[in-house]
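Colleague: I should be grateful for a close look at one part of this model, namely the surfaces through which one chain meets its neighbours. Please take the contacts in turn and state how far the prediction may be trusted.

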Protein chains: 4
Amino acid sequence: VSGATKEQILAFFEAHFPAAHQAGFVIDEVGDGGATLHLPTGDSHLRPGGTVSGPTMMALADTAMYVALLGRIGLVGLAVTTNLEVHFLNKPAPGVLTARCRLVKVGARLAVGLVEITDAASAEPVAVSTLTYSIPPR
Amino acid sequence: VSGATKEQILAFFEAHFPAAHQAGFVIDEVGDGGATLHLPTGDSHLRPGGTVSGPTMMALADTAMYVALLGRIGLVGLAVTTNLEVHFLNKPAPGVLTARCRLVKVGARLAVGLVEITDAASAEPVAVSTLTYSIPPR
Amino acid sequence: VSGATKEQILAFFEAHFPAAHQAGFVIDEVGDGGATLHLPTGDSHLRPGGTVSGPTMMALADTAMYVALLGRIGLVGLAVTTNLEVHFLNKPAPGVLTARCRLVKVGARLAVGLVEITDAASAEPVAVSTLTYSIPPR
Amino acid sequence: VSGATKEQILAFFEAHFPAAHQAGFVIDEVGDGGATLHLPTGDSHLRPGGTVSGPTMMALADTAMYVALLGRIGLVGLAVTTNLEVHFLNKPAPGVLTARCRLVKVGARLAVGLVEITDAASAEPVAVSTLTYSIPPR
């Protein structure tokens, strides 16, 4: 099994997950150990108070994990999230959010990754998330 | 401290969280111990394969918890989610999703609730979620 | 696949998990949908302040889930916990703790259960936990 | 508020949490951003199959978080774990387990830390855990 490149993942998303593409997620980097994405947040991502909504951050974390996993195991369409935990730590400032996913396990059946989301205003993360994906039998 | 009624919560959401209202969440019942909501899912909530997206279910769980909390402690705008865990158990069928939140703790500073999401097709839950809200000092 | 009875699970624990037996966990009931255990806590389970320690409650939740799973799928020794989340809600009073596990999914590869732990003093749970087990291929 | 040193924390544990001391946890390092502990596991920590038990790893993660928190905010006895999530990734080899806690948020009321547990045999973590502590009003 070999991983997919950023270009292969982009083409795969455009073909199969146009919603992720439309949501504005930008892949910065994909490597064997993880991936980095960013999201230029706009009005549609905001909650009252001008902060970015929780579901937007959860979708960003989930996409970062999925990209990292494809970067490791290749273009597997049927991998699905089985479990997501997220801690909202600080209110993100409007603007660009960056999500860094690090894979801590990629087994035959399960993969686990840690995601940290930061905004442009602070060195401290605005959210941390742990995600589990179930990998279909190959 | 006394809880808010369904009508009070609806008016509060319309005034302060129009996005939740627009997202199509419908409050069925609010009581001292929890709340029940449903969401008639449509095309905008779907992922490839015709299933409801994870962020849609997380937003539904989060709203169910928030409604349950307001039903217990009254119209507190600044309560925020600090932690959400969700397990995706079965692929939901398109159609109506129902979320039932049961409050298991409402303390002075933290509230914790369990949410089960079911679809119309099966008795088994499609997702279970545990949420923690931080309650501002009063 | 058929489930194990309480007597079969007891014999299996005595043979393979004597530590659980020695720890004092008592199986009250095993059914298709879950299991109930209790633990008469003693000095070895206590933390300063006279309350039951977190690891004791986590071990109790984990054992309740394992018993419930064996009650559904039979005596599978190699099922392992992949993920445990626990919320400590109220300080348990010393005395008997009861753990009720309800299975919310038993798939071919993963099982998920919810556990509530109560003490003898209060109707409110002292802890809630969600556990995932990985089931070996059969 | 200033943090406690390793020596202060050791004295505090001996006075107030002798069980942690007896359990064999060794503090390697305490800094502003986290802490590192190790545990030379022995027979009492093992499960059938010769692997370290889940509750042992959860207790180690919890202690690492508590030490890190004291290193940041000082000797606060009443900080308590409100939430722990753990993913068991790989079976630990018997021998020394190392837990590294990094604090990702220390607010007025809540602190959140990430803990990675590694064994001596592999570069990959055997477990990752996220913990939340509630900090009493000062």
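Modeller: The account below concerns chain D and its contacts with chain A and chain C.

The model is predicted, and its confidence scores deserve attention before the contacts themselves. For the complex, the predictor reports an ipTM of 0.92 and a pTM of 0.94. The mean pLDDT of chain A is 90, and 91% of its residues score at least 70. Within chain A, the element with the lowest mean pLDDT is strand β3 (residues 46-47), at 59, whereas strand β8 (residues 127-134) of chain A has the highest, at 98. Where pLDDT is low, the predicted coordinates should not be read in detail.

I turn to the contact between chain D and chain A. Chain D is superposed on chain A by a rotation of 180° with 0.0 Å of shift along the axis, and the RMSD is 0.0 Å. The two copies are thus related as by a two-fold rotation axis. Of the interface residues of chain D, 100% are also interface residues in chain A, so the copies meet through the same surface. In this interface, 15 residues of chain D are in contact with 16 residues of chain A. The two chains bury about 1,300 Å² between them, and 53% of that area lies on carbon and sulfur atoms. On the side of chain D, the residues that lose the most area to chain A are D:His87, D:Leu89 and D:Val104, which together account for 36% of what that side buries.

The charged and polar pairs of this interface come next. Side chains of opposite charge can pair when their charged atoms come close. Two salt bridges are found across the interface of chain D and chain A. A:Arg102 forms a salt bridge with D:Glu116, and their closest N and O atoms are 2.2 Å apart. Six residue pairs are in polar contact across this interface, with both residues of each pair at pLDDT 80 or more. Four strands of chain D each give two or more residues to the side that touches chain A: β3 (80-88), β4 (96-106), β5 (110-119) and β6 (127-134). That side of chain D is made up of six nonpolar, five polar and four charged residues.

The contact between chain C and chain D may be described in the same order. A turn of 180° with a shift of 0.0 Å along the axis lays chain C on chain D, with an RMSD of 0.0 Å. The C-alpha of chain C nearest the axis belongs to C:Glu85, at 2.1 Å from it. Here 100% of the interface residues of chain C are also interface residues in chain D, so these copies, too, meet through the same surface. The contact involves 15 residues of chain C and 15 residues of chain D. About 1,500 Å² is buried between chain C and chain D, and carbon and sulfur atoms give 61% of it. C:Met58, C:Leu84 and C:Phe88 supply 25% of the area that chain C buries against chain D, more than any other three residues.

Between chain C and chain D the count of salt bridges is zero, while eight residue pairs are in polar contact, both residues being at pLDDT 80 or more. On the side of chain C that touches chain D, the elements giving two or more residues are α3 (54-73) and β3 (80-88) of chain C. The largest share, eight residues, comes from β3(C). By class, this side of chain C has eight nonpolar, five polar and two charged residues.

A last remark concerns salt bridges over all chains, of which there are eight. One pair lies within chain A: the side chains of A:Arg72 and A:Asp32 meet in a salt bridge, at 3.4 Å from N to O. A:Arg72 is in helix α3 (residues 54-73) of chain A and A:Asp32 in the loop between β1 (26-30) and β2 (34-40) of chain A, so the pair ties together parts that are 40 residues apart in sequence.

Note on methods. Residues numbered from 1 in each chain as written. Chains lettered and ligands numbered in written order. Heavy atoms only, no water. Least-squares fit on C-alpha atoms with pLDDT ≥ 70 in both. Contact = heavy atoms within 4.5 Å. Buried area = accessible area lost by both parts, 1.4 Å probe. Salt bridge = Lys/Arg side-chain N within 4 Å of Asp/Glu carboxyl O. Polar contact = N/O pair within 3.5 Å; in protein donor to acceptor, adjacent residues only side chain to side chain. Nonpolar A, V, L, I, M, F, W, Y, C, P; charged D, E, K, R; others polar. pLDDT = per-residue confidence, 0-100.
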